[in-house]
Structure formats: C-alpha cells, structure tokens
Amino acid sequence: MSREPLRPSRAFARRAAAVPRSLPRRLLPGRRRARRPAPAVLPGRPPRPWVRALALTAVTLLGAWLGLLAVGGVKAPVGPVDTTMALRPSVSGGTEIDVPPLGALELDSHIAPVRLDVGIDQLDPERAQALVDHPERISGLEGQITRDVQSGARDLAVRSCVAVVTGATALGLAVYRRPRRALAAGGLALALLAASGATAYATWNPKSVLEPKFSGLLAGAPSVVGNARSIVTEFDVYQQELARLVTNVTKLYDATSTLPTYRPDPNTVRVLHVSDIHLNPAAWHIITSLVEQYEIDVIIDTGDTMDHGTAAENGFLDPVEDLGAPYVWVRGNHDSETTQKYLEELENTHVLDDGETVTVGGLRIAGIGDPQFTPDRSVVAQGDPAERAAGRELAAAIRESAAGGRPVHIAAAHNPVAAEQTDGDVPLALAGHVHRRETKVLEDGTRLMIEGSTGGGGLRAVEGDEPQKVMASVLYLDQETKRLQAWDEITLGGLGTTTAEVSRRLPDDVEPGSSPSPTAPSPAD
C-alpha cells in the first residue's frame with residue numbers, strides 16, 4: 001500500500017494536536033487564570049502640581065540664563081564708537097556702562113529682572129575722522145546716536161528672545177526627555193522675557209543718567225558731573241548774568257574807585273589781554289562786555305582757545321568776528337594747525353606765527369604759535385627746549401623788525417618759557433598757559449605779563465574743590481611812547497558763581513596821578 005495518501009492525514013493530525021496549545025488558557029477546561037502579583041507601592045505621596053510647576057520654572061530660568069550667556073552680546077555702532085550690548089539676569093535691573101580702562105557707571109534706568117550691559121569697545125577711526133572732516137554733521141550726531149541705540153536694542157531684543165527660548169527648550173528636553181515639557185519650558189521662557197521687557201518699559205527712568213554711580217577711576221567723578229550738569233542746565237542764564245555783572249561792576253568802579261590815581265590820556269591805547277578760553281562760550285560774552293565798557297582798541301589772545309584742536313570745534317571761533325575790536329591771536333598747545341587755518345579765514349582777526357608782526361591801534365605786535373600740540377598723543381612732547389627754541393625765533397624776528405625801522409611794542413606767545421626769550425628785545429611780552437596771573441620784570445628789562453584763564457579753565461574748571469576764576473586784563477599804553485602806563489586786573493568768579501573784582505596796578509616807573517577809569521557811562525543803575 002502506498003504511503004503518499006497518508007501524508008495529508010498526518011499533517012492534519014499534527015495541526016489538530018496543536019490547537020489546544022494556542023487557545024487561551026481561560027478556555028481550557030480545568031485551568032484557572034493565574035493572577036499577577038500586585039505592584040509594590042512606593043513610600044510617600046506623588047509630586048504635587050505646584051512642585052512640578054516650580055521645577056519647570058527652575059529649569060526654564062536656568063536654561064534661559066545659559067542661553068543668554070551662550071549668545072553673548074550684540075555689536076552695535078553708536079555714533080563714532082563701537083559698543084557691545086547684552087542682557088543679563090539681575091535682581092534690581094538697571095544699566096551698567098563699562099568704559100575701559102576708566103571704570104564703569106551704573107544707572108537706575110529701570111526695575112526688572114534683567115540688566116542692560118553696555119561696553120564701550122573702541123573709537124572707530126573712520127567714523128571719527130568723518131566727523132572731523134565734516135563738522136556740520138555734529139548737529140545731527142544726537143539724532144544719529146538715538147537711531148543707533150534703537151537699532152542695537154532691537155537686534156538685542158530679537159537675539160535675546162531666540163537665546164532664552166533655545167536655552168530653555170534644550171535644557172527642558174535634556175531634563176524631561178519629553179518634547180511637550182521642553183516646548184513648555186521654551187514658551188515659559190519667552191513669556192518671562194516679555195514680562196521683563198514690559199516691566200522695564202513701565203519703570204523706565206530717563207533721568208537716571210543725571211545720577212549715575214561710578215566705580216573704578218571714575219569713582220571721583222560725581223562732583224564733576226554734578227557741577228557740569230548744573231552748568232549745562234543753567235548755562236544760558238549764567239553767562240548772561242555774568243556779562244551783566246561785569247557791566248555793573250565796571251560802572252560802579254568808575255564812580256567809587258579809590259585805587260591808585262593815574263588817569264590816562266584820552267588817546268591812550270587800550271589792550272584787552274585774554275588767554276586759555278578752552279571752549280568756554282561764556283568767555284565771548286565777557287569779552288564783548290569788556291570791549292564795550294573799556295572802549296578796547298585791540299584784543300590779544302595768547303592761545304589755548306580750544307581744548308582738542310579738532311575741526312569739529314572750529315565753529316566755536318565764529319563770535320570773534322563780532323567782538324567789537326580787532327582780535328590778535330597766537331596758537332596755544334591745545335590749538336591745532338586746523339584751528340589756525342580756520343581762524344585765518346575769519347574777519348576782524350590777525351593770526352601771528354613764526355615771528356610775524358601786525359600793526360593794530362598804533363601798536364606793532366609780534367607773535368609765534370606754540371611749537372607743541374599736546375592733544376596729539378602720537379607725538380612725544382618736546383617740553384621746554386622746544387618752547388625756548390620758539391622764543392629765540394620770535395626774538396630774532398623782533399630784532400630783525402627793529403633793524404628795519406619797525407620796532408615791536410608787544411611780543412605774544414602762549415608759553416611763558418617762550419615769551420621769556422624776548423627779554424631785552426621788546427618792552428612788553430604777553431603769555432598764558434599756566435592758568436594763573438603773574439607779572440614780573442625780566443633781567444634785561446622786559447615786562448612779562450602772564451594772564452590766567454579767561455575761560456575759567458573750561459569744563460575742567462570744576463575738577464578741583466572750587467572752580468577756576470575767570471581772568472582778563474586791560475592794559476593802558478601811551479600812544480606816543482607805546483609804554484605800559486597801568487593795567488586793570490579783572491577777576492570774575494568761576495563757573496557757577498557770580499562774583500567780580502577789578503584791581504588797578506601801576507608799573508614802578510609811572511608816577512601816580514588820578515584814577516584811570518574806563519570811559520563808561522555814569523552808573524545809572
């Protein structure tokens with residue numbers, strides 16, 4: 001019998017035998033389902049919702065902080081300087097401005113859990129040179145700075161949003177390993193940053209710049225800033241009142257002077273000696289008042305009219321055209337060649353250099369500019385040797401002029417060291433530079449008159465305990481002999497004060513007469 005027909009039967013039998021094994025045990029007779037052991041209950045209660053929320057907040061804050069640190073700041077050009085702006089977590093908010101290497105200043109600009117850090121990186125030479133070459137842009141610099149700050153703040157806001165969301169989301173994913181929790185951390189970070197921005201906006205204090213807190217080398221600056229602030233806010237009133245005070249004191253002096261009794265001839269030449277104005281605009285008001293009250297014939301300025309000698313400062317010189325008397329000027333160590341060239345183009349001015357001479361009001365005046373320009377730190381200052389060399393050049397030019405039948409009556413130089421070199425070659429030499437008044441007769445007979453600062457030292461006047469005084473002198477010279485007959489020392493209170501005094505001085509070789517009063521109207525008020 002063949003085996004082939006039996007193979008299907010055997011296969012069916014094997015499948016039938018396997019059926020009970022594949023059936024669920026609950027269907028098999030006589031068998032019960034085995035119970036699984038109950039899971040062990042862990043001790044303690046499950047985390048409460050507020051604990052989970054607090055943990056999520058902590059993860060969010062930490063991630064946002066790490067994101068801000070990783071992204072860093074935004075490079076933003078502000079005017080002629082490059083800055084770095086950054087947001088940092090803070091308890092009280094505010095703004096910190098870092099000015100290396102001088103230190104830093106803090107402003108209570110806002111109250112929020114974020115602080116704005118601004119670092120002054122460097123002065124961009126190209127943008128700074130553009131301001132020097134085009135001083136007309138100075139008037140629009142404030143608006144440009146405002147736009148630059150706004151642009152930098154917008155970039156910083158966008159970058160900060162990306163940083164906090166990315167940082168919080170990444171840390172949330174690392175901690176929870178669940179995308180939903182990670183996205184919740186990112187959203188919470190964005191919401192917290194938006195709330196911080198809204199709080200900062202609501203508490204913004206624009207006047208905080210007037211009350212900064214200093215650190216580092218700037219720690220000694222609050223008194224300077226405070227004085228400068230009052231000068232800026234009340235400067236217009238101050239300079240008008242000070243000029244009016246000069247007028248009233250001069251009239252009072254005309255009526256009640258008990259000083260030495262010398263009265264000049266009506267034709268006496270009157271010279272107003274000023275020096276070291278240092279960009280103080282009040283000086284022009286004072287000079288104009290003195291020219292009017294004393295009927296000045298010529299103004300001699302022995303330099304340092306500027307502070308840094310940049311082309312941007314040149315507009316400060318424009319009032320010299322309307323001072324009411326010819327203006328003779330020599331360059332100081334704070335005045336540049338750019339300053340000198342600008343002044344040469346103005347009307348009513350006579351710029352003297354290299355021993356040049358000019359005749360004004362019957363007086364022949366010779367002058368030389370200071371050989372040094374100290375604001376330029378790229379050049380090593382030569383000191384007194386350079387001043388003596390310039391003085392010898394001036395003296396040689398004076399002798400040459402005298403040999404040609406044109407004697408010089410007054411020599412003008414900025415530094416007294418240079419002016420001293422003309423001793424014996426000219427009767428009178430004028431100088432400034434040292435910001436204090438001094439008069440002396442040199443060994444060979446030349447009288448050296450050193451004027452104080454007619455600008456009260458400029459804004460640097462507030463660096464000391466008391467502001468520097470404003471000084472000028474009126475010189476009376478005989479019209480025939482050109483010799484000095486007397487002089488008035490005019491001293492005004494410095495920036496922020498309104499005091500004035502006039503003192504009469506006579507040279508030793510002049511006999512006293514009657515009072516040399518200015519030809520001002522009698523005091524009616």
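User: Leaving aside neighbours within four places in sequence, which residues is Asp301 in contact with?
Analyst: This is a predicted model. Asp301 sits in strand S8, residues 298-301. Setting aside neighbours within four places in sequence, Asp301 is in contact with Val274, Ser275, Asp276, Ile277, Tyr327, Val328, Trp329 and Val330.

User: Which side chain of opposite charge is nearest to Asp301?
Analyst: Asp301 is buried and has no salt bridge. A salt bridge needs nitrogen and oxygen within 4 Å. The nearest side chain of opposite charge is 12 Å away from Asp301, and it belongs to Arg331.

User: Which side chain makes a polar contact with the side chain of Asp301?
Analyst: The Asp301 side chain has a polar atom 3.0 Å from the backbone nitrogen of Gly303. That is a backbone partner, not a side chain. The side-chain partner, at 3.2 Å, is Thr305.

User: With which residue does Arg331 form a salt bridge whose closest N and O atoms are 3.0 Å apart?
Analyst: Arg331 meets Glu337 in a salt bridge at 3.8 Å, N to O. Arg331 also has a salt bridge at 3.0 Å. That partner is Asp353.

User: How many residues apart in sequence are the parts that Arg331 and Asp353 tie together?
Analyst: The two residues form a salt bridge. Arg331 lies in the loop between strand S9 (327-329) and helix H9 (337-344). Asp353 lies in the loop between strand S10 (349-351) and strand S11 (356-360). The pair therefore ties together parts whose separation in sequence, in residues, is 22.

User: Is Glu337 buried, partly exposed or exposed?
Analyst: Its salt-bridge partner Arg331 has 8% relative accessibility, so Arg331 counts as buried. Asp353 is also buried, at 9%. Glu337 has a relative accessible area of 46%, and the range from 20% to 50% makes Glu337 partly exposed.

User: How far apart are the closest N and O atoms of the salt bridge between Asp488 and Arg504?
Analyst: Asp488 counts as buried at 0% relative accessibility. Arg504 counts as buried at 3%. Their salt bridge has its closest N and O atoms at a separation of 2.1 Å.

User: Which strands hold Asp488 and Arg504?
Analyst: Asp488 and Arg504 form a salt bridge. The pair ties together parts 16 residues apart in sequence, because each residue lies in its own strand. Asp488 is in S18 (residues 484-492), and Arg504 is in S19 (residues 500-505).

User: Which residues are joined into one network by salt bridges that share partners?
Analyst: The protein's count comes to nine salt bridges. Some of them share partners. Those join into one network Arg437, Glu451, Glu489 and Arg505.

User: How many of the six residues of strand S7 are buried?
Analyst: S7 spans residues 269-274. Val269, Val271 and His273 point one way, while Arg270, Leu272 and Val274 point the other, and all are buried. In a regular strand, side chains alternate between the two faces of the sheet. S7 is largely enclosed by the rest of the structure, because the buried count for its six residues is six.

User: Which residue in S17 stands opposite Arg270?
Analyst: Strand S17 covers residues 470-477. S7 and S17 pair in the antiparallel sense over five bridges. Opposite Arg270 stands Tyr476.

User: Which residue in S8 stands opposite His273?
Analyst: S7 and S8 run parallel and are joined by four bridges. S8 is also the strand that holds Asp301. Opposite His273 stands Ile300.

User: The side chain of Trp284 reaches the backbone oxygen of which residue?
Analyst: Trp284 is in helix H8, residues 282-294. At 5% relative accessibility, Trp284 counts as buried. Its contacts beyond four places in sequence include Thr305, Pro319 and Tyr327. The Trp284 side chain reaches, at 3.1 Å, the backbone oxygen of Phe316.

User: How far apart in space are Trp284 and Leu317, C-alpha to C-alpha?
Analyst: The two are 33 residues apart in sequence. In space, their C-alpha to C-alpha distance is 9.3 Å.

User: What share of the 525 residues in the protein is buried?
Analyst: The secondary structure comes to 11 helices and 19 strands. The protein exposes about 28900 Å², with carbon and sulfur atoms supplying 55% of it. Among its 525 residues, the buried share is 42%.

User: Among contacts between residues at least 6 apart in sequence, what share joins residues at least 24 apart?
Analyst: Contact here means heavy atoms within 4.5 Å. Of the contacts between residues at least 6 apart, the share joining residues at least 24 apart is 63%.

Terms used
Residues numbered from 1 in each chain as written. Predicted model: local features only at pLDDT ≥ 70, side-chain atom pairs only at ≥ 80, totals over all residues. Heavy atoms only, no water. Helix = DSSP H or I, 4+ residues; strand = E, 2+ residues; numbered from the N terminus. Buried < 20%, exposed > 50% of the residue type's maximum accessible area, 1.4 Å probe, protein only. Lys, Arg positive; Asp, Glu negative; His and termini not counted. Polar contact = N/O pair within 3.5 Å; in protein donor to acceptor, adjacent residues only side chain to side chain. Areas by Shrake-Rupley, 256 points an atom, 1.4 Å probe, with all protein chains shown as cover. Pairing = 2+ DSSP bridges.
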